[in-house]
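Visitor: I would like to learn how to read a model of this kind, one feature at a time. Where should a reader begin?

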Amino acid sequence: MIEAEARFESLTSFAPARATFSVPRSPVPELTIVLATLNERVSLPVLVDQLLQAPLPPLEIVVVDDGSRDGTREYLSTVAREDRRVRPIFHEGAQTLLKAHAQGIAAARGDLVVVMDADLQHNPADVPRIVDLLLKGNDLVVASRYAPGGSPGVRSPLRSCISLGAETLTRVLLPEARSVSDPLSGFYGFRRGYYRAINPEYRGYELLPFVLGMMRGRPVTEVPYVFESRRAGKSKIVTRDLSFIRVFLTELVLAARVGRERGDLPEGPPASSSAVPPGIRGRVEP
Ligand SMILES: Nc1nc2c(ncn2[C@@H]2O[C@H](COP(=O)(O)OP(=O)(O)OP(=O)(O)O)[C@@H](O)[C@H]2O)c(=O)[nH]1
Ligand SMILES: [Mg+2]
């Protein structure tokens, strides 16, 4: 291993978390919605109910919980017993959103995958639109706060500056991110056939830069969305101690590496995917 690689490995590795896979299996779904939770007891039940009732193809909801202490786990255990479409994966400690999402996708069984936050800042009413575009043959659909009609919501000047800096850095380091208006969106859907497992020790915040690299430059379709204000629970990502900056920078370098390792990437979508209607990809759907 060359020196730079060794340095990144040491930055990104830490003790493996113990996982409990509590998985009552439902019939194979077409769609997997991947959620990560850290103390989301108030928002999660509302989100799960809305997703289960939404006009969507047969689905499962995989929820990766990292040691929540506010009753989220108890809720998940109960709902999973009642409805086999909800599949919790329990970890003992916080392991970062990137790792949690990667684990959720590794457990996914649907040909289509949607990733979103569990705190209702991503509106479940937007999910059918993303899924519809995937069903029409789009490979990666990104919900964008910056596409016409979208909004990043109300945020402090500091938070806006942090977001702008992070987005700019992402575009500098990642060529695949340059054509996307919201390259750090946490709300997106893709065909699982394009996904390639990342090193399980990588940690960070957003998986989308990695997914962009895995798409091998295929066009990305964007849909606008409004980032809602958090109404319950607390933000976990932007913390006072600024350690998130180092984690984020490391994550971007690793994502750029995934984009460069093109020779190893899967060639195309799963056999079940439909033909792509001409002209629908690579643009913003109003
Ligand atoms: N499993 C797991 N989930 C996490 C972790 N960190 C955050 N989450 C979840 O990831 C989602 C997004 O986290 P937030 O802290 O709300 O991040 P954010 O929406 O970018 O920030 P705010 O706008 O301040 O809320 C929520 O569903 C969190 O519960 C983690 O380390 N592990
Ligand atoms: Mg949030």
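The dialogue below goes from the whole chain to single residues, a ligand shell and helix packing.

Guide: Begin with the status of the coordinates: this is a predicted model. Then take the inventory, which here is eight helices and eight strands.

Visitor: What percentage of the 286 residues is buried?

Guide: Burial is read from a count of C-beta neighbours around each residue. In this chain, 42% of the 286 residues are buried.

Visitor: And how are the contacts spread along the sequence?

Guide: Take the contacts with a separation of 6 or more: 86% of them join residues 24 or more positions apart. P57 offers one case, in the loop between α2 (43-53) and β3. Its C-alpha lies 8.5 Å from that of V131, although 74 residues separate the two in sequence. Beyond its neighbours within four places in sequence, P57 touches E30, L31 and V131.

Visitor: Is P57 buried or partly exposed?

Guide: Buried status needs 20 or more other C-beta atoms within 10 Å. P57 has 15, so it is partly exposed.

Visitor: Which backbone angles deserve a look?

Guide: Look for positive phi in residues other than glycine. T96 has a phi of about 85°, and R216 has one near 55°. T96 sits in the loop between β4 (86-91) and α4 (97-107), whereas R216 belongs to the loop between α7 (208-214) and β8 (221-224).

Visitor: Which burial class does each of the two fall into, and why?

Guide: T96 counts as buried because it has 22 C-beta neighbours inside 10 Å. R216 has 15 other C-beta atoms within 10 Å, so it is partly exposed.

Visitor: T96 comes before α4 in that loop. How many residues of α4 are buried?

Guide: For a helix, apply the burial count residue by residue. Nine of the eleven residues of α4 are buried, so the helix is mostly covered. They are L97, L98, K99, A100, H101, A102, Q103, G104 and I105.

Visitor: What do those buried residues pack against?

Guide: Their partners are the strands β2, β3, β4 and β5 (112-115), together with helix α8.

Visitor: How should I read the surroundings of ligand 1?

Guide: List the shell, then ask which elements supply it and what classes of residue it holds. The shell has 20 residues, and A36, D66, A100, A118 and S235 come nearest to the ligand. At least two residues each come from β2 (31-37), β3 (59-66) and α4. The biggest contribution is that of β3, with three residues. By class, eight residues of the shell are nonpolar, five polar and seven charged. A100 therefore appears twice in this reading, as a buried residue of α4 and among the nearest to ligand 1.

Visitor: Last, how is a pair of packed helices described?

Guide: Give the angle, the distance between axes, the handedness and the residues that meet. Helix α6 (residues 157-173) packs on helix α8 (residues 243-260) at about 30°, with the axes 10 Å apart. Angles under 35 degrees count as roughly parallel, so α6 and α8 are roughly parallel to each other. The crossing of α6 past α8 is right-handed.

Visitor: Which residues meet there, and of what class are they?

Guide: A166, L169, T170 and L173 of α6 face F248, L252, V253 and A256 of α8. Seven residues of this contact are nonpolar, one is polar and none is charged.

Definitions and conventions
Residues are numbered from 1 along each chain as its sequence is written. Chains are lettered from A and ligands numbered from 1 in the order in which they are written. This is a predicted model: local features need pLDDT of at least 70, side-chain atom pairs count only at pLDDT 80 or more; totals for chains, interfaces and linings use all residues. Helices (H or I, at least four residues) and strands (E, at least two) are DSSP runs, numbered from the N terminus. A residue is buried if 20 or more other C-beta atoms lie within 10 Å of its own, exposed if 12 or fewer, and partly exposed in between; C-beta atoms are placed from the backbone. Two residues are in contact if their C-beta atoms, placed from the backbone, lie within 7 Å. A residue is near a molecule or strand if its C-beta atom, placed from the backbone, lies within 6 Å of it. Ala, Val, Leu, Ile, Met, Phe, Trp, Tyr, Cys and Pro count as nonpolar, Asp, Glu, Lys and Arg as charged, and the others, Gly among them, as polar. Axes are lines fitted to C-alpha atoms, for helices over the stretch in contact, and angles run from 0 to 180 degrees between N-to-C directions. Angles under 35 degrees count as roughly parallel, over 145 as roughly antiparallel, 65 to 115 as roughly perpendicular and the rest as oblique. A crossing is left-handed if the near helix is turned anticlockwise from the far one by less than a right angle, and right-handed if clockwise.
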